[in-house]
Amino acid sequence: MSEHGHRPAKKQKIDSQSLSPNSDTDSDLFANETTGLFALLKHHIGKRTSTEDEVGIHEYVDNSVPSFKGIIKHRFTDFLVNEVGLDGNVLHLKNVNPPPRQPQNQSSPANPRAAEQTEPEGDAREPKPLWNDESMAAAKLFLGAQSDEDENFIEFKKFVLAGKPEKSARNKVEESKGENDGTTSTRPVVRVFTTKAIESKDSRTAIHRGLREAFNSAFTSETRELPSGEQFIDVKWANDSGNNQKGRGAKGPRPPPEAQHPPYIHFTLQKTNKEMHDALSSLARSLKVNNREIGTAGTKDKRAVTVQRVSIRRGRKTVEDIWKALSAHAGGGGGGRGGRGRGRGRGGWNNGGGGYQDRQVRIGDVEYAEKGLELGQLKGNRFVVTLRDVEYPTPTTIPQALSVLSERGFLNYYGMQRFGTAPVPTHAIGLALLRSDWALASRLLLLVHREGEGEDVQIARTLWREGKFEEGARQMPRRCVAEKALMEHYLRCDKTDHLSAIGRIPKNLRMMYVHAYQSYVWNQVVSARVATFGSHGPVEGDLVYEDGENPIEEDEGEGSGEAVEEVAVAEGLDPVLEEVLPTLTEIIQPGQMTSSLATQTSKVPKVKVLTKADIESGKYSIKDVVLPLPGFAVTYPTGKLGEMYSEIMSNDGLERDDMFRKQKEYSMGGTYRAMLYTPKDVSYKILLYTSPAQDLAQSDEDILLNVPAPPVVEFDPTQSATVPEGQHLALQIELTLGAGTFCTMALREVLKSRTASAHQKDLTKEMEERVKAEGGATAEASVDADVQPVVDGLSQNTAVQVDQADGESL
């Protein structure tokens, strides 16, 4: 029993054999659950998506403003998202023409080190050997070697001095004798250096970066994780052709001109109605690089037109190479208007060859850069959101609603995208992982009965359920990252080894599930806080940052932003929180550190509990109040809210004060999130339009290609109470949100109505039936791809849309 008197719910006990991947008893998944999340889901798991109420989204900042109707994301151009860089500038696609060709005998002016790297003319110009005084010092630093006698350092030195294997040597095989049976086997000779186990993510990042910078990208490095959770880095020679460099005095040919350019290439990507993961995977295939070589500052929504910067570790590629690989030269296609490609051939890519033109992407502004992009390197996003078929009760409703949004903000809920748009919510999988119920997590991911899922995915699931494992795994689409990883593992290994199978899912995706559960708890507590105490001011027991602890600069107008930046990764398809674990190395097994000690030593910002004197001082406002996401390194509010954390988690079979796990990656440190968020630079206008198929906003691509601006007419409801016959109203809102906030939650505060995709789909259907009855052309009849259902039947993983996910600094 916990210190708060709540007995954790009994965990479900199911024989591991019955949970093998081809079990056909999905209906009894939560049969023994009587409280908590699983009890809530037992009757509709796999049948429908969760509602806002079911993920804790209940309250509003100001209930006095009446609700009104509006359709979100009816067309892709109704949701324009442009990244806001760390410099505060809004990013736009500016140039879709090929980059200017660099003279081969000159280095790039973008490289400030070019003059220092210029070599003497003639035969006297010689490249430095890889192993020199500078690289040796760098290797000591990033390997953490205290002296030349460090074992790891000595092995790495041998690896470097042995040089890159000649092509003929790399094709050779070596023989080895079996220890027990005396048999002989052969294997290719592959030269690999493996570090010792490295627990810290920062240390692993330092090694990857150090290898790149100190050895001029001569090596490739990849993190490898064992089922035990230990992580190593494997280092190999890059596959690029080149002469073998051995020893300190080795000489080689002059470096090619492209070697003098900075190590990265950046470009602007505009994508339309395309999942982030799909876009980046397609890009990687076209460039023939690993996904890890591609960097972004954040994840962007699918059903939208989004603009962001992308970086690529270029190796020997030039900006011209990148442009050629990603531009659609063959076939004359490549327009980027969300399925309405108009034959414009600039800027699309051919998706790995074969002549296929991706009309949902556009690239531009290609240039060299010194550093790659990392998740969280942005201030937020600028939105232009158009709400269609608007109906309001009074002429002052919209001005009042936008005034509340501008002045008081909105409840900073995690939006529905966090929990997925599939009928198996991400936070349910996260709870299974936190309960260490690997079999249940696997079953939830491979659940065969899912309403609204794509036919290709259903076929793969059914084949797997019928015991046709190889065929099912082969048929499962590549976009279903988690499902495909599970199936491929079960094909090779014991089908009851669920822990190892779960471990094959990319770590960022596993963390997405866990963080979704944390978000679910946070939403529930925020609603309880507002329902009990309102949203006008702080109360005793609330949490605020200690002086100097808020990482968001107040003079930037972000005082109500994220406590710790949240990150989204490309593979995750959804915002994912980066756990900020304690810096002490003692956290190896549960029970070796207390939550109290973790809180004192972690990087999570420090908070204070407000007292009566703090409230009376007037120093703090409601915008200063933060609430924790559950974890071992956070402080919980006192009183009723603190008890609610315990009650929610206890009903789900978890202990609030025991978030350590044997598998370290599931030991959640937690973080803090502001209860309210106030957007910046809010403006709006009410527009008249005649057809649901009519664009009401322009993308950057449209502007660059001189597409005529939409012929919109503004409407003032305070001057005219009647909408002209045959026309409809739209509300267009522009606003800037910080990293980690959800635009749909801002729209929810404005509309005072549900934002879930199922509700929006119903509104769209009603509008189209009405327009059809009136004799007008519906958007569905007028435009092929622009009126796809809001829930488009993708798999569990690909259906997790990100609205304003970006900046979640993971």
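**Arg673, its aromatic neighbours and a helix crossing**

Arg673 sits over the face of Trp522, with 5.5 Å to the ring centre. That is in a predicted model, and the same goes for everything below. Trp522 is not the end of the story for this arginine: Arg673 also lies over the face of Tyr414, this time at 3.9 Å from the ring centre.

What about the two rings themselves? By the pairing rule, the count for the model comes to 24 aromatic pairs. Tyr414 and Trp522 make up one such pair, an edge-to-face one, with 5.6 Å from centre to centre and 80 degrees between the planes. Tyr414 belongs to the loop between strand S13 (410–411) and helix H10 (426–434), while Trp522 is part of helix H16 (residues 507–533), so the pair ties together parts that are 108 residues apart in sequence. Tyr414 and Trp522 are both buried.

Turning to other aromatics, one cluster is formed by Trp131, Phe153, Phe156, Phe159, Phe193, Phe215, Phe219 and Trp237.

Then there is a helix pair to look at. Helix H7 (residues 276–287) and helix H8 (residues 319–326) have axes that come within 9 Å and cross at roughly 115 degrees. The crossing of H7 past H8 is right-handed. On the H7 side, Leu283, Ser286 and Leu287 make the contact, and H8 brings in Ile322, Ala325 and Leu326. Sorted by character, the residues of this H7–H8 contact come out as five nonpolar, one polar and no charged. Ser286 counts as the polar one, because residues outside the nonpolar and charged groups are classed as polar.

Terms used. Residues are numbered from 1 along each chain as its sequence is written. This is a predicted model: local features need pLDDT of at least 70, side-chain atom pairs count only at pLDDT 80 or more; totals for chains, interfaces and linings use all residues. Side-chain values use heavy atoms; hydrogens and water are left out. Rings of Phe, Tyr and Trp (its six-membered ring) pair if their centres lie within 6.5 Å; planes under 30 degrees apart count as stacked, over 60 as edge-to-face and the rest as tilted. Helices (H or I, at least four residues) and strands (E, at least two) are DSSP runs, numbered from the N terminus. Buried means under 20% relative accessible area, exposed over 50%, partly exposed in between (1.4 Å probe, protein chains only). A charge sits over a ring if NZ of Lys or CZ of Arg is within 6 Å of the ring centre and within 35 degrees of the ring normal. Axes are lines fitted to C-alpha atoms, for helices over the stretch in contact, and angles run from 0 to 180 degrees between N-to-C directions. A crossing is left-handed if the near helix is turned anticlockwise from the far one by less than a right angle, and right-handed if clockwise. Contact means heavy atoms within 4.5 Å.
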